[in-house]
Amino acid sequence: MRTLTRRADGRPPYEQMAADLRARIMAGDLLPGTQLPSTAHLVTEFGVSNTTVQKALAEIGRAHV
């Protein structure tokens, strides 16, 4: 588990998490049309709250609309 914190460049954890998930999608680690890991899994993996996970997923959704 890693814990995301606000970086020196000011990027909040949800933006960092969204960028990580996008990178996994682009690398083929998360294939289009497959289910993303559960919120509970992402909370544990990134060491963040449910709210942070939801914001990151919303950020990914906005980028693809």
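**Figure 1. Lysine 55 in helix H3 of the predicted model.** At a relative accessibility of 42%, lysine 55 counts as partly exposed, since that value falls between the 20% and 50% limits. The residue belongs to helix H3 of a structure that is a predicted model. Glutamate 15 lies 40 residues from lysine 55 along the chain, yet the C-alpha atoms of the two are separated by 8.3 Å. Lysine 55 is also one of the residues touched by tyrosine 14.

**Figure 2. Overall arrangement of the protein chain.** The chain contains 3 helices and 0 strands, and its elements follow the order α-α-α from the N terminus. Of its 65 residues, 28% count as buried. The chain exposes about 4300 Å², and carbon and sulfur atoms supply 55% of this area. Among contacts with a separation of 6 or more, 51% join residues that are 24 or more positions apart. The mean pLDDT of the chain is 86, and 85% of the residues score at least 70. Among the elements, H2 has the highest mean pLDDT, 94, and H3 the lowest, 91. Where pLDDT is low, the predicted coordinates should not be read in detail.

**Figure 3. Helix H1 and the glycine that follows.** Helix H1 covers residues 13–27, and its end C-alpha atoms are 21 Å apart. This separation agrees with expectation, because 15 residues at 1.5 Å a residue should span 21 Å; the expected span is obtained from one less than the number of residues. The buried residues of H1 are Pro13, Tyr14, Gln16, Met17, Ala18, Leu21 and Arg24. Just after the helix, glycine 28 adopts a positive phi of about 85 degrees.

**Figure 4. The largest nonpolar core.** This core comprises 12 residues: Leu4, Tyr14, Met17, Ala18, Leu21, Leu30, Leu42, Phe46, Val48, Val53, Ala56 and Ile60. Two or more core residues come from each of H1, helix H2 (39–46) and helix H3 (50–63). The largest share, 4 residues, is that of H1.

**Figure 5. Contacts of tyrosine 14 and threonine 52.** Tyrosine 14, a member of the largest nonpolar core, touches Thr52, Lys55, Ala56 and Glu59 when residues up to four places away in sequence are not counted. Threonine 52 is found in helix H3. With a relative accessible area of 17%, threonine 52 is buried, because the value is under 20%. Leaving aside neighbours within four places in sequence, threonine 52 is in contact with Pro13, Tyr14 and Met17. These three partners of threonine 52 are also listed among the buried residues of H1.

**Figure 6. Arginine 24 and its two acidic partners.** The structure holds 4 salt bridges, and Asp20, Arg24 and Glu45 are linked in a network of such pairs. Arginine 24 forms a salt bridge with aspartate 20, in which the closest N and O atoms are 2.8 Å apart. Arginine 24 and aspartate 20 are separated by about one helical turn, because they are 4 residues apart in helix H1. A salt bridge also joins the side chains of arginine 24 and glutamate 45, with an N to O distance of 2.1 Å. Arginine 24 lies in helix H1 and glutamate 45 in helix H2, so this pair ties together parts that are 21 residues apart in sequence. Arginine 24 counts as buried at 19% relative accessibility, since the value is under the 20% limit.

**Figure 7. A salt bridge within helix H3.** The side chains of glutamate 59 and arginine 62 meet in a salt bridge with an N to O distance of 2.8 Å. Both residues lie in helix H3, where glutamate 59 and arginine 62 are 3 residues apart, about one turn of the helix. Glutamate 59, which has a relative accessible area of 21%, is partly exposed. Arginine 62, in turn, counts as exposed at 54% relative accessibility, because exposed residues are those over 50%. Glutamate 59 is also among the residues touched by tyrosine 14.

How values were computed: Residues are numbered from 1 along each chain as its sequence is written. This is a predicted model: local features need pLDDT of at least 70, side-chain atom pairs count only at pLDDT 80 or more; totals for chains, interfaces and linings use all residues. Side-chain values use heavy atoms; hydrogens and water are left out. Buried means under 20% relative accessible area, exposed over 50%, partly exposed in between (1.4 Å probe, protein chains only). A nonpolar core is a set of buried Ala, Val, Leu, Ile, Met, Phe, Trp, Tyr and Cys residues joined through side-chain atoms within 4.5 Å. Contact means heavy atoms within 4.5 Å. Accessible areas come from the Shrake-Rupley method with a 1.4 Å probe; for residues, only the protein chains shown count as cover. pLDDT is the predictor's confidence in each residue, from 0 to 100.
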